[in-house]
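Colleague: I have a model open and some terms I want to test. Can you take me through them?

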Amino acid sequence: MAEILAALRSLMASHSPPLDALVVPSEDYHQSEYVSARDKRREFVSGFTGSAGLALITKKEARLWTDGRYFLQATLELSDQWQLMRIGEDPSVDAWMSDNLPREAAVGVDPWCVSVDTAQRWERAFAKKQQKLVQTSTNLVDEVWKNRPPAEINPVIVHPLEFTGRSVAEKLKDLREKLAKEKARGIIITALDEVAWLYNIRGSDVSYCPVVHAFAIVTSNSAFLYVDKRKISSEVSSSMQENRIEVREYDAVSSDVALLASNRLDQNTRVNSGQNGVCENDTCEAEENYNDLIWVDPGSGCYALFSKLDANKVLLQQSPLALAKALKNPVELDGLRNAHIRDGAAVVQYLVWLDKQMQEIYGASGYFLEGEGASKKRLETMKLTEVTVSDKLEGFRASKEHFKGLSFPTISSVGPNAAIIHYSPQAKTCAELDPDSMYLFDSGAQYLDGTTDITRTVHFGKPSAHEKACYTSVLKGHIALGNARFPNGTNGHALDILARIPLWKYGLDYRHGTGHGIGSYLNVHEGPHLISFRPQARNVPLQVSMTVTDEPGYYEDGSFGIRLENVLVINDADTEFNFGDKGYLSFEHITWAPYQIKLIDLSLLTPEEIEWVNTYHSKCREILAPYMDKNEMDWLEKATAPVSA
């Protein structure tokens with residue numbers, strides 16, 4: 001690590017102009033949350049492996065900013081050459097740079113790896129001391145990364161209409177209508193899941209996310225896909241031609257954005273057709289004279305491409321595809337429901353297997369009984385670890401129809417490791433399962449018909465009264481949010497408190513948001529909406545046909561962690577009244593796996609909450625039964641048996 005920092009500081013000193021600081025973001029050229037191995041630059045320089053964070057290297061210091069999900073993990077992973085900056089507790093990165101770097105300091109960043117919004121925020125902060133943001137012409141980290149993984153040539157695939165529910169032509173027509181409404185003649189699409197969704201393509205360029213490294217530009221009468229052409233099959237090529245999408249090399253996006261800025265991109269690509277959302281030539285020319293803006297999403301658009309445009313002719317506004325993608329069509333919703341049923345069956349089969357293993361190998365009292373683990377001698381080959389059991393869970397999922405892989409690295413965590421919110425076990429260092437400790441597993445899969453994400457927390461021995469009380473408080477918050485009814489126009493910031501109130505009663509809380517959208521065979525974390533205490537949760541109201549997770553938790557550092565997570569679909573609510581003629585909304589659970597009764601202090605649940613648990617468990621039995629063999633069904637019936645206070 002010291003050698004990497006020294007090499008970067010040498011490049012900073014020799015840069016023109018010399019750099020007082022270098023920012024190394026987590027993101028790739030598309031502002032992705034999850035990035036490919038060769039784009040993990042921040043991880044390479046810092047050693048911190050979490051999915052979110054930003055590294056800042058100055059002449060004498062190295063600091064890493066990350067959010068509350070990763071405080072504990074970053075503390076464990078960062079060397080003593082790095083200082084952890086806790087987002088929400090310590091000064092923000094722009095405030096720290098403005099206050100601590102010298103007057104007229106030059107701060108370098110690869111403009112492809114930073115969003116327009118972030119770069120402009122930094123520039124505003126730098127103004128008071130005449131500091132400047134310097135766009136480096138190359139990525140300095142790449143220059144010192146000697147064994148950087150090579151780019152992979154993974155094939156692009158067409159995602160069929162039976163799963164997408166809407167054709168590319170329909171999506172392009174809707175998009176062009178939105179461009180016209182906003183007086184824009186074109187849009188630059190950089191978010192990988194938006195490109196994949198719009199053109200009904202999928203790929204495997206990023207682990208766990210079925211996306212393709214690609215950009216798109218759509219104008220009133222043309223459409224482009226920028227991708228390594230070696231990834232394009234004849235089927236994909238036919239689909240693009242059918243929808244009048246021109247395929248160009250990935251690197252051509254830079255020069256084409258410059259052409260778009262000067263209104264020359266369409267000159268050689270005019271199409272005289274009113275079909276497939278492409279307008280007639282005369283109409284297009286009339287619209288272009290009237291519509292002169294280029295639409296760029298400030299959150300996902302990279303600063304490098306924005307810098308090629310006339311800033312006065314840019315519409316800086318959230319991409320219209322973000323909301324369109326989040327509002328699932330009936331085919332996508334049916335697919336998600338079906339995927340979650342198969343996924344729930346895999347989770348139950350895993351719990352049945354794990355329960356048996358814990359009893360046989362460790363002498364645990366098991367999923368149903370409360371008792372101290374009986375010490376049993378076992379062979380080393382019988383040992384269960386966080387990694388070996390998560391591999392087994394993946395195996396159960398892999399046996400299900402339409403399985404394509406996991407949707408994120410499984411968080412399989414025992415005891416104190418479960419207090420690391422986004423813990424990622426490694427084969428060489430992971431913990432062994434312990435019958436006397438909590439076990440939290442947060443996992444999900446990619447199926448052709450939907451993406452899944454579920455968390456359950458279990459104990460195979462005798463949980464303490466405190467662990468039960470904490471689990472029950474998390475469950476109460478989970479139930480309260482899932483049962484909410486709320487008027488149209490309500491955002492996730494307003495609802496977040498519902499999941500926290502039972503914890504707040506005891507002076508407890510958690511440092512992460514409560515819910516995120518989920519893709520339709522796309523990214524497991526999908527916006528633009530979310531349920532969170534963070535201000536951005538106010539930006540987009542929750543709407544019918546959105547998906548969102550319900551995942552409160554509680555984490556006691558050095559001891560245990562608890563989280564419960566289901567995926568919900570937002571529906572119209574059948575309320576007795578309709579105050580203000582707003583219309584009211586409610587949630588539908590589509591995740592099916594039992595909550596462990598042994599961990600619930602039933603005396604803390606209201607009669608209504610007990611009824612809810614019993615009803616949910618009854619549905620689990622009914623919905624999952626077709627996937628269970630006799631042994632698994634016997635276990636499930638016991639796990640979902642009705643309870644009373």
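Modeller: Start with pairing: two strands pair if DSSP finds at least two bridges between them. This is a predicted model. One open sheet here has six strands, in the order β12-β11-β10-β8-β13-β14, and its pairing is mixed.

Colleague: What makes β12 and β14 the edge strands?

Modeller: β12 (245–248) and β14 (314–316) each pair on one side only. From one strand to the next, the twist averages 20 degrees.

Colleague: How do you know that β8 and β13 pair?

Modeller: Count the bridges. β8 (residues 184–189) and β13 (residues 293–296) share four bridges, in the parallel sense. The cut-off is at least two, so they pair. Within this pair, I187 stands opposite W295 in β13.

Colleague: Which strands make up the open sheet of three?

Modeller: The order is β15-β18-β19, and the pairing is antiparallel. The edges are β15 (403–406) and β19 (450–451), each pairing on one side only.

Colleague: Why do β15 and β18 count as paired?

Modeller: The cut-off is at least two bridges. β15 and β18 (residues 445–447) have three, so they pair, in the antiparallel sense. One residue to look at is L406: its bridge partner in β18 is A445.

Colleague: Which helix lies across β15 and β18, and at what angle does it run to β15?

Modeller: Helix α16 (residues 386–398) lies across both, running at about 160 degrees to β15. Angles run from 0 to 180 degrees between N-to-C directions, so about 160 degrees falls toward the upper end of that scale.

Notes. Residues numbered from 1 in each chain as written. Predicted model: local features only at pLDDT ≥ 70, side-chain atom pairs only at ≥ 80, totals over all residues. Heavy atoms only, no water. Contact = heavy atoms within 4.5 Å.
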